[in-house]
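User: I would like to learn how to read a structure feature by feature. Could you walk me through this one?

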Amino acid sequence: MAKYKIFFFLEDTAQESFIPAIVERLIQDEGKDISDYDLRVLSARGGGSIRAYKDFLKQAKKRNYLDADVLIVGSDGNCNGFVKRKQQLLNASSGILYPEIISAVPDPHIERWYLLDRQALTHTADVPIQVVSPTVKCDKNHYKTLLKKAFADQGVIPLMGGAEYGSLVAKSMDLYNAGIADHSFGDFIDQVRSWLKRQR
């Protein structure tokens, strides 16, 4: 039986494919036994708004979903930006009985995290992917378009816009350099590593 339960409240398929895989990678990188961890996605379809997160927390109390060691909440920064969105999540989490809550706030969108490591994308698609260095833009479709184009330029048509490659990208990307390149990604990595180091 797993010693630790990690529950996820995520925004969409792109987050569901990528974020739990990053956590698995970090567990292994820290020299932990993956069989000691039970990772469960409790929500991952259009749950990005703060109101949806609050509704989820109410249901978690009613349905005993609080039986976890940590809750990882994914919500794109969108036009709010990293700092504001993270604070909104922290405020919404106030008084909740989870032992710890970790926020994953891609700024502005999860697809930007997919684009942080060109070599990882190349390894995933088995073709030489070229990516324009991502810059923070508020436009909802900007990074989705960049991700699709990165594959399409090499003749690969991702049926889910690239989200289907999320777990593979997570397994092969350079987490250190990606964390330096993107503050929001680095913040998430640091939170998960800190929590893992405190587990015996």
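**Reading the surface, the charges and the core**

Analyst: Gladly. Let us begin on the outside: I157, L159 and M160 make a nonpolar surface patch of about 390 Å². Please keep in mind that this is a predicted model.

User: Where is M160 placed?

Analyst: M160 sits in the loop that runs between helix 6 (142-152) and helix 7 (166-172). M160 has 47% relative accessibility, so M160 counts as partly exposed.

User: Let us turn to charges. How many salt bridges does a search of the whole structure find?

Analyst: First the general idea: side chains of opposite charge can pair when their charged atoms come close. In this structure, the search finds 9 salt bridges. One of them joins K5 and D67, whose closest N and O atoms are 2.8 Å apart. K5 belongs to strand 1 (residues 4-9), while D67 is in the loop between helix 2 (50-62) and strand 3 (70-74), so this pair ties together parts that are 62 residues apart in sequence.

User: Are K5 and D67 buried or exposed, or something in between?

Analyst: K5 is partly exposed because its relative accessibility is 24%. D67 is also partly exposed, with a relative accessible area of 43%.

User: Which salt bridge does D29 make?

Analyst: The side chain of D29 meets that of R25, at 3.4 Å from N to O. Both residues lie in helix 1 (residues 13-29), and they are 4 residues apart, about one turn of the helix. Look at the accessibility of each partner: D29 is partly exposed at 43%, whereas R25 counts as buried at 17%.

User: What other salt bridges can I look up?

Analyst: Try D38 and R40, whose side chains meet at 2.8 Å, N to O. D38 counts as partly exposed at 22% relative accessibility, and R40 is partly exposed with a relative accessible area of 35%. There is also a network of salt bridges that links E30, R193 and K197.

User: How should I read D107, and which side chain of opposite charge is nearest to it?

Analyst: Here the cut-off helps: a salt bridge needs a side-chain nitrogen within 4 Å of a carboxyl oxygen. For D107, the nearest side chain of opposite charge is that of R112, 6.6 Å away, and D107 has no salt bridge although it is buried. D107 is located in the loop between strand 4 (101-104) and helix 4 (110-114). Leaving aside residues up to four places away in sequence, D107 touches N78, G81, F82, R112, W113, V136, D182 and S184.

User: Now the inside. Which residues touch the most other members of the largest nonpolar core?

Analyst: That core has 46 residues, and those with the most contacts to other members are F18, I19, I22, M173, F185 and F188. Helix 1 contributes the most to this core, with 8 residues. A second core, separate from this one, has 17 residues, among them F7, A60, I96 and V105.

User: What does F185 touch?

Analyst: Not counting residues up to four places away in sequence, F185 touches F18, I22, W113, L116, M173, L175, A178 and G179.

User: One last residue: is S75 buried or exposed?

Analyst: S75 is buried, with a relative accessible area of 1%. You can find S75 in the loop between strand 3 and helix 3 (82-92). Sequence and space can also be read together here: S75 and D12 are 63 residues apart in sequence, and their C-alpha atoms are 9.0 Å apart in space.

How values were computed
Residues are numbered from 1 along each chain as its sequence is written. This is a predicted model: local features need pLDDT of at least 70, side-chain atom pairs count only at pLDDT 80 or more; totals for chains, interfaces and linings use all residues. Side-chain values use heavy atoms; hydrogens and water are left out. Patches are made of residues with over 30% relative accessible area and no salt bridge: like charges are joined within 9 Å, nonpolar side chains (Val, Leu, Ile, Met, Phe, Trp, Tyr) within 5 Å. Accessible areas come from the Shrake-Rupley method with a 1.4 Å probe; for residues, only the protein chains shown count as cover. Helices (H or I, at least four residues) and strands (E, at least two) are DSSP runs, numbered from the N terminus. Buried means under 20% relative accessible area, exposed over 50%, partly exposed in between (1.4 Å probe, protein chains only). Lys and Arg count as positive and Asp and Glu as negative; His and the chain ends are not counted. Contact means heavy atoms within 4.5 Å. A nonpolar core is a set of buried Ala, Val, Leu, Ile, Met, Phe, Trp, Tyr and Cys residues joined through side-chain atoms within 4.5 Å.
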